[in-house]
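Student: I've got a model open and I'd like to learn how to read it feature by feature. Could you walk me through it?

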Amino acid sequence: MCGIVGAIETRSAVDPEVLAALNRSMKHRGPDGDGFFFSSCHRLGMAMRRLAIIDPEGGQQPLFTENRQIAVMQNGEIYNHCELRGQLEARGHVFRTRSDTEVLAHGFEEWGLSGLLDRLDGMFAFAIADIGRQKLYLARDRFGEKPLYYHAAPGRFAYASQMLTLAAYPGVDSSWDFEGLNSYLALHYVPGDRTVLRDIRKLRPGHVVTVDWQAGRHHVECYWRLTETDERSRQPEEIREQLERSVRSRLIADVPVGIFLSGGLDSSLLAALALRSLPRIATFSMGFAECSHDERPYAQQVSDYLGTTHHHLVFDGDSFEELLPRVVADMDEPIGDQAMLPLYWLCEVAAQEVKVVLSGEGADELFAGYSYFNSVSSSTRQRGWRGWLRAVYRRGRNCPNGTTESGFPLLSCQHERNMWLGNTSKANGRLRLGKSNCHDPLRRACLADVESWLAEDLLMKLDKMAMAHGLEGRAPYLAASLAEMAFSLPHRQKIDGNRNKTILRDAAASLLPPDIVERPKQGFVLPMRRWLSDYLGLEVVKDLIPFAGLGIDPQPLISLLESEVRNGILRERLTYAVVVLAKWAAHARGYIERLRRTGSRIECAAA
């Protein structure tokens with residue numbers, strides 16, 4: 001686990017001092033060491049920061065093949081690296097470390113990029129340099145557990161694990177991307193390959209970019225995506241066994257491992273399965289002072305039942321005001337998800353005890369756990385495809401701002417966003433959530449959330465908040481084999497009446513107390529309306545928006561927030577997202593300028 005950064009310059013050379021400064025800006029992602037590689041004439045430069053999880057002593061990057069013609073740097077973990085190593089050693093490859101990253105170098109040489117990617121079980125964003133052919137390959141894991149950003153311009157290509165690190169690279173235009181802003185103000189995150197910055201793109205999950213630095217060109221292609229297959233019923237035991245294999249593989253580490261335990265079904269099942277491999281494990285939960293939002297009793301119940309070493313925290317309004325500026329400074333790209341605040345604190349505490357945590361991301365998207373999936377399922381059963389279309393229409397009509405294809409409610413309507421962004425030609429008015437390859441309505445809705453909400457909110461949130469504290473988060477539900485199995489399940493094994501995640505609950509029945517197995521989903525639901533009302537006085541609102549430097553007329557947004565605070569009709573999701581955007585923009589501008597100015601001479605504070 002670490003952060004990676006690199007560049008290709010076809011008209012000059014990569015400046016080692018610039019690359020070193022950018023690499024230092026990611027020190028929090030990898031406090032255990034760094035590594036550099038430059039090709040002849042410095043046309044290619046690669047760097048990384050390391051969080052030592054596998055082979056702490058010998059796994060320093062870059063790692064090479066025997067002839068040193070293939071160089072690799074990775075942010076992530078390859079869970080089946082031991083199995084792949086055995087196959088490669090049988091083919092004559094000689095390894096010099098126990099590191100999972102070295103498998104990428106030899107695997108690329110033996111199987112090529114496509115063959116390597118097909119075999120990997122892991123979370124990763126990696127860079128492979130084929131020095132002889134003068135090509136660079138960047139790949140991101142199937143679901144997007146690890147982030148990767150890139151910039152492409154004539155004569156230049158650069159990439160990094162952090163958007164703000166990349167924004168400081170010479171020649172990168174860090175002005176606003178209005179289509180990205182349009183998406184953010186609708187969703188509180190930016191889906192697809194765009195960001196809020198004009199010159200920076202995200203490599204999408206399951207995609208690879210190939211850069212030919214001799215020819216000075218690049219192309220991006222998809223190597224994996226969930227696809228619609230024939231429905232297949234499964235026994236609960238099959239799901240449980242598949243998940244247990246995933247949990248077992250994600251417990252592999254040369255450092256202590258813990259679990260984020262909410263007391264809900266998903267994390268409780270992970271804890272129960274983990275204890276089959278580890279006799280004792282640390283669990284961590286977050287509670288809230290307001291009883292209606294507090295899940296601590298359920299987490300404690302599960303901990304007592306399983307016998308874990310439990311740690312819990314209490315989040316309140318004072319925590320909100322204290323943590324907000326710290327979270328904004330560490331989120332790298334703006335994500336207006338309120339749950340980042342307690343997650344940040346939870347990661348900070350967990351990092352004092354462990355270096356790796358398991359978390360339940362992906363279960364709701366793959367097993368249809370959200371309540372808004374219920375209308376998709378019932379309409380499909382009763383009226384088929386046309387019934388689902390009518391249900392989508394009704395949801396959009398009943399929700400004043402509209403919904404995504406899955407039913408996720410938007411923060412604002414397009415008319416408002418046009419007014420806020422001014423020149424509507426800058427943002428074409430459409431939300432780009434990708435094209436679904438599914439005809440089945442429930443799968444289509446699940447896939448919409450997998451490729452947008454899961455990838456660009458939940459997994460980004462886990463990565464940014466965990467890595468801010470040098471902590472590695474792992475998501476066992478996102479093993480490709482388990483995800484494909486879940487995606488092919490029939491409706492009744494996902495939603496049966498009002499019972500969501502049906503087969504997952506059945507799989508947990510023999511491992512957990514009945515009231516935990518049947519608990520409805522709660523999630524991190526914060527009493528944000530009251531906290532924001534207390535936090536946002538009118539003078540604070542006036543200071544926030546102009547300070548963001550959005551390059552647009554701030555008055556419509558100021559008027560909106562003033563009116564909502566004054567009249568007590570606060571739309572807390574929208575208001576919080578705007579506050580985050582404004583505070584993030586102020587931080588980002590100062591951070592980019594500071595990093596560009598100081599270069600390699602003064603160590604820059606982490607983003």
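Tutor: Here is a walk from the whole chain down to single residues.

Tutor: Before we start, note that this is a predicted model, where local features need pLDDT of at least 70, side-chain atom pairs count only at pLDDT 80 or more, and totals for chains, interfaces and linings use all residues. Residues are numbered from 1 along each chain as its sequence is written, and side-chain values use heavy atoms, with hydrogens and water left out.

Student: How many helices and strands are there in the protein?

Tutor: Helices (H or I, at least four residues) and strands (E, at least two) are DSSP runs, numbered from the N terminus. Here you get 21 helices and 19 strands.

Student: And what share of the residues counts as buried?

Tutor: Buried means under 20% relative accessible area, exposed over 50%, and partly exposed in between, with a 1.4 Å probe and protein chains only. Of the 607 residues, 62% count as buried. The accessible surface, from the Shrake-Rupley method with a 1.4 Å probe, where for residues only the protein chains shown count as cover, comes to about 22100 Å². Carbon and sulfur atoms hold 48% of that surface.

Student: What about contacts between residues 24 or more positions apart?

Tutor: Contact means heavy atoms within 4.5 Å. Among contacts with a separation of 6 or more, 73% come from residues 24 or more positions apart.

Student: Let's do sheets. In what order do the five strands of the open parallel sheet lie?

Tutor: Two strands pair if DSSP finds at least two bridges between them. The order in this sheet is 15-14-13-16-17, with parallel pairing. Strand 15 (309-315) and strand 17 (472-474) each have a single partner strand, so one side of each is left without a neighbour in the sheet. From one strand to the next the twist averages 30 degrees; the axes are lines fitted to C-alpha atoms, for helices over the stretch in contact, and angles run from 0 to 180 degrees between N-to-C directions.

Student: How many bridges join strand 14 to strand 15?

Tutor: Seven, with strand 14 covering residues 282-288. One landmark is Ser285, whose bridge partner in strand 15 is His312.

Student: Which residue in helix 10 could I look at next?

Tutor: Try Ala350, in helix 10 (residues 340-350). Ala350 has a relative accessible area of 0%, which means it is buried. Between Ala350 and His312 there are 9.9 Å C-alpha to C-alpha, while in sequence they are 38 residues apart. Leaving aside neighbours within four places in sequence, Ala350 contacts Phe260, Phe284, Val357 and Leu471.

Student: What is the order of the open sheet with antiparallel pairing and six strands?

Tutor: That order is 4-5-6-7-11-12. Strand 4 (63-64) and strand 12 (217-222) are its edges, each pairing on one side only. Strand 4 is joined to strand 5 (residues 70-78) by two bridges, in the antiparallel sense, and Leu63 stands opposite Val72.

Student: How do side chains sit along strand 2?

Tutor: In a regular strand the side chains alternate between the two faces of the sheet. In strand 2 (residues 34-38), Gly35 and Phe37 point to one face and are buried, while Asp34, Phe36 and Phe38 point to the other and are not. Strand 2 pairs antiparallel with strand 3 (residues 44-50) over five bridges, and Phe36 has Ala47 as its bridge partner. The two strands form a hairpin with five residues between them, and Cys41 in the turn has a positive phi of about 65 degrees.

Student: And how many residues of strand 1 are buried?

Tutor: Eight of the eight (residues 2-9), so strand 1 is largely enclosed by the rest of the structure. Cys2, Ile4, Gly6 and Ile8 lie on one side, with Gly3, Val5, Ala7 and Glu9 on the other. Strand 1 pairs antiparallel with strand 3 over seven bridges and with strand 9 (residues 156-160) over five. Ile4 is the bridge partner of Met48 in strand 3, and Ala7 that of Ala158 in strand 9.

Student: Which residues of helix 18 are buried?

Tutor: An α-helix has 3.6 residues a turn, so residues three or four places apart point the same way. In helix 18 (residues 528-535), Met528, Trp531, Leu532 and Tyr535 are buried. Seen down the axis, they fall within an arc of 95 degrees, so they line one face of the helix; the arc is that of the directions from the helix axis to the C-beta atoms.

Student: Last one: is His106 buried or exposed?

Tutor: His106, in helix 3 (residues 100-119), is buried, at 0% relative accessibility. Its side chain makes a polar contact of 3.5 Å with that of Glu66. A polar contact is a pair of N or O atoms within 3.5 Å; within protein, one must be able to donate a hydrogen and the other to accept it, and residues adjacent in sequence count only if both atoms are side-chain atoms. Not counting residues up to four places away in sequence, His106 also touches others, including Phe64, Leu88 and His93.
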